[in-house]
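Hi there,

Here is the structure I promised to pass on. Could you have a look when you have a moment, and read my notes below alongside it?

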Amino acid sequence: SRKKFYSLNAELELTPFPVPFTPRENSYTRIFEAEEGAFWAFNKQSFYLVESGELTKSLKINSSVFDKSHFFLKAHQNYLYYASEDGLGQINIHTGDAKMLFPNLKEIKFLEVFNHQLWIGDSGAGLWVAELDEEKGVQSAEAVLEEVSISSVIQDSEGNFWVATYGQGLYFLPANSEKIEVLNEDNGLGNAALESVLATNDKIWIGNARGELRYIQGDRIRRIDMADGLSDRLNRIIGIDELSTGQLILATDKGTFLWDGDGFFQILDEPTKALYLHAEEELILSTSFGVVEIPLKCLLDNAKPGV
């Protein structure tokens with residue numbers, strides 16, 4: 001079936017973005033955050049840069065690597081960094097030239113840029129960090145954590161890194177020390193695979209594969225109470241982000257939810273693969289039927305109870 005980019009206006013009407021987009025059957029529309037609030041999207045062998053709801057760049061790549069089902073992308077300066085079943089590569093956004101960098105990293109689950117470094121989480125090879133050069137892109141990569149299956153990494157306001165894993169706990173990499181700590185079931189984190197992690201002003205939020213939401217504050221780990229059956233309904237909490245109001249947005253296998261500190265409210269019931277907050281005014285969701293852009297006012301006005 002044909003799928004498109006969509007924008008959802010205040011009247012809850014869907015209107016398509018001006019992007020010629022036809023994803024593969026039964027695939028998610030893939031969206032990737034770019035710099036300064038814009039985002040890149042990918043389908044087949046083409047990339048699209050969308051800024052303020054308008055298509056501003058289309059980039060066609062001639063490479064069979066993009067026929068793979070497993071795919072991640074990160075934009076930074078002059079390059080797109082892509083992770084597929086064939087390894088980690090980079091694409092020059094001006095010329096479209098694609099180059100394979102590390103064919104040994106074949107199970108990448110996470111890509112992010114921190115301080116001009118590309119952080120790479122691989123479910124088989126662990127956590128790697130590559131130095132980035134504006135003109136040449138990636139030059140080299142070094143293993144930080146080996147034999148650890150990585151799902152997500154965040155940096156808090158103090159410069160510390162938190163590394164979520166699939167069943168091996170939450171790693172704490174302090175900014176001013178080489179001593180690495182691991183939080184797990186013994187610390188009250190539970191034994192489920194960790195799918196997502198978010199740093200806010202005073203808390204570290206963690207979502208897991210059982211639909212449970214926890215946070216770390218100081219030395220304590222607490223679990224958010226949910227109505228009976230809600231965690232089963234959420235299934236995996238794949239992504240977490242925070243609104244300027246302090247409310248949380250959760251991307252899950254069962255849709256998109258908002259948590260306001262007291263309860264959960266459903267925003268969309270379509271399975272959600274990824275979410276991004278766009279300039280604190282709009283929420284961009286990658287769902288099973290395409291990309292949806294929702295103004296936050298519309299989102300808050302129309303949220304319904306999660307149970």
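**What I found: strands and salt bridges**

Strand β9, spanning residues 87–92, is mostly covered, with six of its six residues buried. Please keep in mind throughout that this is a predicted model. Neither face of β9 is left open: Gly87, Gly89 and Ile91 are buried on one side, and Leu88, Gln90 and Asn92 are buried on the other.

What does β9 pair with? On the β8 side (residues 79–84), six bridges join the two strands, which run antiparallel. Within that pairing, Leu80 stands opposite Ile91 of β9, and the hairpin that joins β8 to β9 passes through two residues. With strand β10 (residues 98–102), β9 shares four bridges, and these two strands are antiparallel as well. Here Gly89 stands opposite Met100 in β10. β9 and β10 also form a hairpin, this one with five residues between the strands, and Gly96 in its turn has a positive phi of about 80 degrees.

Next comes an open sheet. Four strands make it up, in the order β11-β12-β13-β14, with antiparallel pairing. At its edges are β11 (108–114) and β14 (137–145), each of which pairs on one side only. From one strand to the next, the twist averages 20 degrees. β11 is joined to β12 (residues 117–122) by six bridges, and Ile108 has Asp122 in β12 as its bridge partner.

One residue of this sheet that I looked at in detail is Gly126, which is found in β13 (residues 126–133). Is Gly126 buried or exposed? Its relative accessible area is 0%, so Gly126 is buried. Leaving aside neighbours within four places in sequence, the contacts of Gly126 include Ile120 and Gly121, as well as Leu145, Glu146 and Val148. The C-alpha atom of Gly126 is separated by 7.3 Å from that of Ala143, a residue 17 places away along the chain.

Now to the charged side chains. How many salt bridges does the structure hold? There are six, and Glu212 takes part in a salt bridge with Arg214, at 2.9 Å from N to O. Both Arg214 and Glu212 are buried. Glu212 also forms a salt bridge with Arg223, where the closest N and O atoms are 3.4 Å apart. Arg223 lies in strand β22 (residues 220–223), while Glu212 sits in the loop between β20 (204–208) and β21 (213–217), so this pair ties together parts that are 11 residues apart in sequence. The two partners differ in exposure class: Arg223 is partly exposed, with a relative accessible area of 45%, whereas Glu212 counts as buried at 12%.

Another salt bridge joins the side chains of Arg236 and Asp253, at 2.8 Å from N to O. Arg236 is in the loop between α1 (230–234) and β23 (237–242), and Asp253 is in the loop between β24 (248–252) and β25 (255–259), so the pair ties together parts that are 17 residues apart in sequence. Arg236 counts as partly exposed at 30% relative accessibility, and Asp253 is buried, with a relative accessible area of 18%. Glu195 belongs here too, as it is linked with Arg236 and Asp253 in a network of salt bridges.

Happy browsing, and do write back with any questions.

Best wishes

How values were computed
Residues numbered from 1 in each chain as written. Predicted model: local features only at pLDDT ≥ 70, side-chain atom pairs only at ≥ 80, totals over all residues. Heavy atoms only, no water. Buried < 20%, exposed > 50% of the residue type's maximum accessible area, 1.4 Å probe, protein only. Pairing = 2+ DSSP bridges. Axes fitted to C-alpha atoms, helices over the stretch in contact; angles between N-to-C directions. Contact = heavy atoms within 4.5 Å. Salt bridge = Lys/Arg side-chain N within 4 Å of Asp/Glu carboxyl O.
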